[in-house]
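Student: Could you take me through one helix–helix packing in close detail, and then set it beside other packings and the enclosed space?

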Amino acid sequence: MRRGTKLGVGQHRAVVAGLGMLAWVVGLLWIFPVAWTVLTSFKTEQDAAAQTLNQGLTFGRYGDIARSTTGTLSLQSAFTNSLVVVVVSTIIVLLLALPASYALAIRRIPKWRDVLFFFISTKFLPVVASIFPIYVYAQKWNLIGTWTVLIVLYIAINLPLAIWMTRSFFMEVPRELIEAAEIDGTSLFNQLRSVILPIAAPGIAATALLCVIFAWNEYFYALQLNFANASTMPQWVVSNVSTRGNFLAKLSAASTIACLPVVLAGWAAQKRMIRGLSMGALK
Amino acid sequence: MTAAAADAALAKGKAGDPFSSAWRRRLPLVPALLYMVAITQLPFVVSIYYSFTNLKDKTQSLIPEPTKFVGFDNYKQIFSDPFFRQAMWTSVKMTVLAVVLSLVIGTLFAILLDRKFLGQGFIRTLLITPFLLMPVVAALIWKQQMFSSLFGVLNKALEFVGLNSVAFISDHPLGSIVTVLVWQWTPFMMLIMLAGLHSQPSDILEAADVDGATSFGVFRQLTLPHLRPYLELGALLGSIYIVQAFDAIDVMTGGGPGSTNVPYFVYQESIGGGFRYGSSSAYAIVIATLALRLLSSLFRDEQRA
């Protein structure tokens, strides 16, 4: 396949080189705010506020944000809260999504389209439409400020997406393999474990990653249902905005730290993630 | 096997042996289905109930009123509320602008990145980064680093070329928020469109090439129709998330005439300060119904295509 001439435009060398240059310019411009923030995180507060670089680069701000003053949310506790909530919710999402996708893709139930549409339609429902009952009952049951309430909600946020994606990866498992396992009388659990999972594993990993990204970055529920005790990373970043004194360098360091895990993971799995997203709808 | 044939085969199998299939097939689906019903549908039903009452948060008012049924009063009030209408209009503008712009720019980027050049993978990696950032961080970066009149890079640049500084966020709240949304969602659209471009059968393009079709003709008559379902998918997924934008508004403007969209409006009416759960439930029910109607018609089209 001759990818270089695919769209037919730019048969000439100069045009091809020009378009490559344009891609570089566009890419660098798009990333500029991020690059600038990372650079700022290594500056002193005076330099950051003036957008200059007179005092050189330093790791000082990273030290500042790691030390917590008493009474404020510390990096350690925000990180622990985020980690627990994200990991537990993602594991439960997969435990619910994999059998469901089996019934939607491999041994399909009649009317599987309607069931799939139901799952997707829960994403159409604005969060605000269900937040007050959740808030009222969370208050009633003393769940405000606990890991439980966030885990329960993050499962609900990610489950439809996970079913959509894993279903598309299950569709790619050759039918003959499954039929052979069925003839041998293999149970659902063993079919999943020994036939389907090994083939769909990369796709499932990408699905899990997308769930992790959405849960890690979630701010609204965490803000509403989680004062102080179980605050997660997004709230910790916002807590670095101060009304007194300069904070830009510290805020930049906090932003960098908070986003780094998910950005690295996303870079590693970019291709598969999007394939799962687009296949889910188009197959 | 086509989907219809598969369904027919399933139906036949079920009729063949009455005990085994039907419910055993459905069983693996039950936990996920029950979970979603419990967490998303039950609260919605409770919201409908609230919407017919004057429920308020008792701890937030000095003289608590008893909760009682008010019939359709909350719904009647919706249509005479100018602030709600303004929020609806802002929501429409924000969503349409952000989805269309990110889709157009994302498609252009995808076309640019689809051809081989030095550093292709590296540039793609750079471009997707904004999508991976926390929405809160993206909003803070733009607010504090780019738009700020105190330390903003954009105003420093304007100053440098001798122009007057601009109070981006206070003078153009909607534009500022849309900028951040487009910045974050363009990479997502780009990746979907790249998946579309990669899936294009190359033999047809080569045949067109041999036939001497012009590059623009190939793009318009072959590539664009092929990309259509991908464009629709991007629009659908983008709308689902962008219509609910909250973080950027909360961080950048904290609401206001130009930037309060419907979710933020309902938030302010309820847990964000108003604590009028009864009337804000009615708002929520109205938008939920509208959103469901609109998006499900989109989704059904998508499935047919």
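Tutor: Let's start with the pair α11(B) and α12(B), which cross in a right-handed way (the near helix is turned clockwise from the far one by less than a right angle; anticlockwise would be left-handed). This is a predicted model, where local features need pLDDT of at least 70 and side-chain atom pairs count only at pLDDT 80 or more, while totals for chains, interfaces and linings use all residues. Residues are numbered from 1 along each chain as its sequence is written, chains are lettered from A and ligands numbered from 1 in the order written, and side-chain values use heavy atoms, leaving out hydrogens and water.

Helix α11 covers residues 202–210 of chain B and α12 residues 215–242 of chain B; their axes lie 11 Å apart at an angle of about 155 degrees. Helices here are DSSP runs of H or I with at least four residues, numbered from the N terminus; axes are lines fitted to C-alpha atoms over the stretch in contact, with angles from 0 to 180 degrees between N-to-C directions. The two are therefore roughly antiparallel (over 145 degrees; under 35 is roughly parallel, 65 to 115 roughly perpendicular, the rest oblique). Ile204(B), Leu205(B) and Ala208(B) of α11(B) touch Val218(B), Leu222(B) and Thr223(B) of α12(B), contact meaning heavy atoms within 4.5 Å. That makes five nonpolar residues, one polar and no charged (Ala, Val, Leu, Ile, Met, Phe, Trp, Tyr, Cys and Pro are nonpolar; Asp, Glu, Lys and Arg charged; the others, Gly among them, polar).

Now for a pair within chain A: α4(A) (residues 75–106) and α9(A) (residues 188–217) pack at about 135 degrees, axes 8 Å apart, which makes them oblique. Their crossing is right-handed. The contact includes Phe79(A) and Tyr102(A) from α4(A), and Cys211(A) and Trp216(A) from α9(A). By class it holds 18 nonpolar, four polar and no charged residues.

Across chains, α1(A) (residues 13–41) and α6(B) (residues 120–132) come within 9 Å and cross at roughly 30 degrees, so they're roughly parallel. This crossing is left-handed. Among the contact residues are Trp24(A), Gly27(A) and Trp30(A), along with Phe122(B), Thr129(B) and Pro130(B); the split is 11 nonpolar, two polar and no charged.

As for enclosed space, the whole structure has five cavities of 30 Å³ or more, and the largest takes up about 890 Å³. Its 37 lining residues include Glu218(A) and Tyr241(B), both among those nearest the centre. The lining has 28 nonpolar, six polar and three charged residues. A cavity is a set of points on a 1 Å grid over the protein atoms alone where a 1.4 Å probe fits but cannot get out, with lining residues having an atom within 4 Å of a point; volume is the space filled by probe spheres set on the points, which are joined across faces, edges and corners.

Methods. 1 Å grid on protein atoms, 1.4 Å probe; cavity = no way out; pocket = protein on both sides within 12 Å on 5 of 7 lines; lining within 4 Å.
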